[in-house]
Amino acid sequence: MSSSEGEPQLPNRTSEIRKDTVFGRWVVFSPARSRRPSDFKSKNPNPTSNHPTSCPFCIGRESECAPEIFRVPPSTPDWTIRVIENLYPALRRDLNPPDTGSDQAVGACRVTGFGFHDVVIETPYHPITLSDLEPQAVGEVLLVYVERVQQLKALGTLKYVQVFKNHGAAAGASMTHSHSQIMGIPVIPPSVTTRLSCMKEIFDSTGKCSICDLQSDQNLMINSSTHFYAIAPFAASYAFEIWIVPREHSSYFHELDRAKAMDLGGLLKLMLQKLAKQLNNPPFNFVIHTAPFDLSPSCVPYSHWFLQIVPHLGTVAGFELGTGCYINPIFPEDAAKVLREVDG
């Protein structure tokens, strides 16, 4: 008997096009070629890393890294998390910041490549991944993100900070040692502007925050905790995409406190474990979608931060590049049901 025999099939659905009201794009759901949950297992799993002798992120090799910004705990060789400069930064912190608010900068198509590009080494030990850590330790990584974002905000030269993680070579990771990255830029990215505009449109027509309203659909719910819930979004662009959302309305990730970080750490760990078990340890990205610094008070009622996890199970091809629409082979209601039933 093959491993898929006896496995329940996904519901028989017809194709559908849904509007993502947060990112402002259309998604085509076309489930015809995928009938079982196992059809989505990664064909390119992230291999379990052996301990190489040349990894500069491992404890004891700190001198081989770019300059350190801070470590946890501070001033001790027995660190658990380190924040360092990226050795090959996309942006340069030693350049003069552009005056993007000047009359000359309005409509400009080019500014200096000023910015910050940091690496968060999540563990001293090479074989350990983020999802291997205890929930409290994952929470400590989140608090390091918070601290660094607060430091960058205090500089007064940046408009947005992006926290993200690439796990696996197919997801963009150049190092196998578990790490994430933080980039601070002097402009507001167009995707952030689009996200806020889309959320404003919903707020203006309904009087509700579109993110706060997500928790009302139990068919999309995967798991929840005291302060957060994890869902498959209604118009997910990617198969088995997950959003982890604060229950209480909050615009800024960097306002996360310790209690909520510990709570989020447990739920994030659980979601990563579920994806690894169900999808054969796929490469993935996660990104934190937050508000730009100095957000206008009028935008606060509809600006709500969240964490997006995207497993790499397919490729972005010509249709997506040409239209800005995505094709998803599984309905989010079905993905949520599959993930609910997976033990962490």
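**Strand pairings and a helix crossing**

In E10, Val-245 is the bridge partner of Tyr-229. The model is predicted, and this pair is a good place to enter it.

Start with the strands around Tyr-229. Strand E10 covers residues 242–246, and 4 bridges join it to E9. The two strands run antiparallel. On the E8 side, Tyr-229 of E9 is the bridge partner of Ser-224. Tyr-229 thus has a bridge partner in E10, namely Val-245, and also takes part in the pairing of E8 with E9.

Strand E8 spans residues 221–224 and pairs with E9 over 3 bridges. The sense is again antiparallel. A hairpin of 3 residues joins E8 to E9.

Now look at the two faces of E9. In a regular strand the side chains alternate between the two faces of the sheet. Strand E9 runs over residues 228–231. Phe-228 and Ala-230 lie on one side. Tyr-229 and Ile-231 lie on the other. Are these four residues buried or exposed? All are buried, so both faces of E9 are covered.

Next come the helices. Two packed helices are described by the angle between their axes and the distance between the axes. Helix H1 covers residues 135–155, and helix H3 covers residues 258–279. Their axes come within 7 Å and cross at roughly 120 degrees. Angles of 65 to 115 degrees count as roughly perpendicular and those over 145 as roughly antiparallel. H1 and H3 are therefore oblique to each other. Their crossing is right-handed.

Which residues of H1 and H3 make the contact? From H1 come Pro-135, Gln-136, Val-138, Gly-139, Glu-140, Leu-142 and Leu-143. From H3 come Arg-258, Ala-261, Met-262, Leu-264, Gly-265, Gly-266, Leu-268 and Lys-269. By class, the contact has 8 nonpolar, 4 polar and 3 charged residues.

The last stop is an open sheet of 3 strands. Its order is E1-E2-E13, with mixed pairing. Strand E1 (16–20) and strand E13 (326–328) stand at the edges. Each has a single partner strand, so one side of each is left without a neighbour in the sheet. From one strand to the next, the twist averages 30 degrees.

Within this sheet, follow the pairing of E1 with E2. Strands of a sheet pair through backbone hydrogen bonds, either parallel or antiparallel. Strand E2 covers residues 25–29, and its pairing with E1 is antiparallel over 5 bridges. Arg-25 in E2 is the bridge partner of Asp-20.

Definitions and conventions:
Residues are numbered from 1 along each chain as its sequence is written. This is a predicted model: local features need pLDDT of at least 70, side-chain atom pairs count only at pLDDT 80 or more; totals for chains, interfaces and linings use all residues. Side-chain values use heavy atoms; hydrogens and water are left out. Buried means under 20% relative accessible area, exposed over 50%, partly exposed in between (1.4 Å probe, protein chains only). Two strands pair if DSSP finds at least two bridges between them. Axes are lines fitted to C-alpha atoms, for helices over the stretch in contact, and angles run from 0 to 180 degrees between N-to-C directions. Angles under 35 degrees count as roughly parallel, over 145 as roughly antiparallel, 65 to 115 as roughly perpendicular and the rest as oblique. A crossing is left-handed if the near helix is turned anticlockwise from the far one by less than a right angle, and right-handed if clockwise. Contact means heavy atoms within 4.5 Å. Ala, Val, Leu, Ile, Met, Phe, Trp, Tyr, Cys and Pro count as nonpolar, Asp, Glu, Lys and Arg as charged, and the others, Gly among them, as polar.
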